[in-house]
Amino acid sequence: MSRRSAKRAPEPNAPQALLFAALGNRTRLALIAKLGAGRPSSIAQLTAGTRLTRQAVTKHLRALQRAGIVRSARAGRERRFVLELQPIEEMQAYLERVSRQWDRALLRLKAFVED
Amino acid sequence: MQNKIEKQIELQAPVARVWRALTDYREFGAWFRVALEGPFVAGKVTRGQVLYRGFEHLVWEASIVKMEPERLFSFTWAQIRYHDKERYSPDYAGAPRTLVEFRLEETATGTLLTVTESGFENVPAEWREQAMRENDGGWTAQVKNIESYVAQKR
């Protein structure tokens with residue numbers, strides 16, 4: 001995704017928003033769980049055993065690709081999809097840092113008001 | 001993954017005391033570690049100098065959203081792209097912002113404070129610089145400083 005590495009002013013709807021939107025949907029979370037099993041999967045494999053149509057799976061995969069958390073590669077005539085965890089892990093690490101910062105600030109507040 | 005951080009803490013102090021510590025700009029600055037230039041007023045911007053050692057060149061800027069006495073205090077907070085002196089710019093126009101909300105509830109022993117920070121989807125990956133947020137050693141030291149400062153003062 002060349003957009004992600006481009007140095008420029010922030011866009012309010014940059015990949016972060018896409019990332020959260022992508023994760024805020026049951027069907028896409030189910031697809032992520034399936035891809036999480038490890039090996040690259042085709043659309044047929046991802047559709048099998050679900051009540052989804054091929055078109056629906058394709059649409060959701062596209063959303064996940066736009067968010068940068070799924071990559072596809074051609075394998076012969078087929079397209080295979082794999083999970084790309086780095087953006088999720090980066091966001092998680094960031095939220096954890098912010099969370100720890102609040103923990104410390106609130107302890108200072110506690111000392112301040114309870115003294 | 002939650003698109004929001006939520007924290008709860010029980011404070012052994014009356015709601016009125018906690019409200020003052022949150023909304024009096026001098027008291028807020030004392031525990032939050034920022035020297036604010038003026039009071040918090042809903043709809044207005046408040047700025048101040050960050051008081052962490054090594055980060056004193058940073059300006060903290062918040063736009064106050066709500067002040068519902070002893071219930072809710074909220075502001076949006078301009079994110080800083082570069083924390084190092086060389087690249088830092090105090091111009092926050094167009095900077096991504098997160099929303100911070102403090103909610104207070106009276107309990108049998110004092111106050112239950114709930115803090116949420118949301119809007120992280122507005123913060124592009126390139127903006128999530130770690131310097132300030134990860135200043136662990138500094139923070140721990142500062143906690144001690146402020147605790148002894150407060151103990152002397154009151």
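What percentage of the 154 residues in chain B is buried? Buried residues make up 25% of them. Please keep in mind while reading that this is a predicted model. Here are some notes to help you find your way around.

1. **Chain B at a glance.** Chain B holds 3 helices and 7 strands. Starting at the N terminus, its elements come in the order β-α-α-β-β-β-β-β-β-α. If you take the contacts in chain B with a separation of 6 or more, 48% of them join residues 24 or more positions apart.

2. **The sheet of chain B.** The 7 strands make an open sheet with antiparallel pairing, ordered β1-β7-β6-β5-β4-β3-β2 in chain B. The edges belong to β1 (4-11) and β2 (34-36) of chain B; each has a single partner strand, so one side of each lacks a neighbour in the sheet. From one strand to the next, the twist averages 25 degrees.

3. **One edge of that sheet in detail.** Strand β3 (residues 45-50) of chain B runs antiparallel to β2(B), and 3 bridges join the two. To see this pairing, look for B:Leu36, which stands opposite B:Gly48 in β3(B). Helix α1 (residues 15-23) of chain B packs on the sheet, where it touches β1, β4 (59-68), β5 (72-78), β6 (97-106) and β7 of chain B. The direction of α1 in chain B makes about 160 degrees with that of β6(B).

4. **A helix from the other chain.** Chain A also reaches this sheet: its helix α6 (residues 86-114) lies across β1 and β7 (111-118) of chain B. Relative to β1(B), α6 of chain A runs at about 20 degrees.

5. **Where two helices meet across the chains.** α6(A) also packs with α2(B), at an angle of about 125 degrees and with the axes 8 Å apart. An angle between 115 and 145 degrees counts as oblique, so α6(A) is oblique to α2(B). On the side of α6(A), the contact is made by A:Ala105, A:Arg108, A:Leu109 and A:Phe112, and on the side of α2(B) by B:Ala30, B:Trp31 and B:Phe32. Sorted by class, these are 6 nonpolar, no polar and 1 charged residues.

6. **More on α2 of chain B.** Which residues of helix α2 (residues 25-32) of chain B are buried? They are B:Phe28, B:Ala30, B:Trp31 and B:Phe32. Right after α2(B) comes B:Arg33, with a positive phi near 70 degrees.

7. **The nonpolar cores.** The largest nonpolar core has 24 residues, and those touching the most other members are A:Phe112, A:Val113, B:Val18, B:Ala21, B:Leu22 and B:Trp31. Two or more residues come from each of α6 of chain A and α1, α2, β4, β5 and β6 of chain B. For a closer look, try B:Val18: leaving aside residues up to four places away in sequence, B:Val18 touches A:Val113, B:Leu11, B:Ala13, B:Leu104, B:Thr111 and B:Leu113. There is also a second, separate core of 14 residues, including A:Leu19, A:Leu35, A:Leu46 and A:Leu61.

8. **The sheet of chain A.** Here 3 strands form an open sheet in the order β1-β3-β2 of chain A, again with antiparallel pairing. β1 (41-42) and β2 (70-75) of chain A are at the edges with a single partner strand each, so one side of each is left without a neighbour in the sheet. Helix α3 (residues 26-36) of chain A lies across β1, β2 and β3 of chain A, at about 95 degrees to β3(A).

9. **A hairpin worth a look.** β2(A) pairs with strand β3 (residues 78-83) of chain A in the antiparallel sense, over 6 bridges. Along this pairing, A:Val70 has A:Leu83 as its bridge partner, and A:Ala73 stands opposite A:Arg80. The hairpin of β2(A) and β3(A) has 2 residues between the strands, and A:Gly76 takes a positive phi there, near 65 degrees.

10. **A loop residue in chain B.** Is B:Asp84 buried or exposed? B:Asp84 counts as exposed because it has 12 C-beta neighbours inside 10 Å. You will find B:Asp84 in the loop between β5 and β6 of chain B. B:Phe73 is 11 residues from B:Asp84 along the chain, and 30 Å separate their C-alpha atoms.

Note on methods. Residues are numbered from 1 along each chain as its sequence is written. Chains are lettered from A and ligands numbered from 1 in the order in which they are written. This is a predicted model: local features need pLDDT of at least 70, side-chain atom pairs count only at pLDDT 80 or more; totals for chains, interfaces and linings use all residues. Two strands pair if DSSP finds at least two bridges between them. Helices (H or I, at least four residues) and strands (E, at least two) are DSSP runs, numbered from the N terminus. Two residues are in contact if their C-beta atoms, placed from the backbone, lie within 7 Å. Axes are lines fitted to C-alpha atoms, for helices over the stretch in contact, and angles run from 0 to 180 degrees between N-to-C directions. A residue is buried if 20 or more other C-beta atoms lie within 10 Å of its own, exposed if 12 or fewer, and partly exposed in between; C-beta atoms are placed from the backbone. Angles under 35 degrees count as roughly parallel, over 145 as roughly antiparallel, 65 to 115 as roughly perpendicular and the rest as oblique. Ala, Val, Leu, Ile, Met, Phe, Trp, Tyr, Cys and Pro count as nonpolar, Asp, Glu, Lys and Arg as charged, and the others, Gly among them, as polar. A nonpolar core is a set of buried Ala, Val, Leu, Ile, Met, Phe, Trp, Tyr and Cys residues joined through C-beta atoms within 7 Å.
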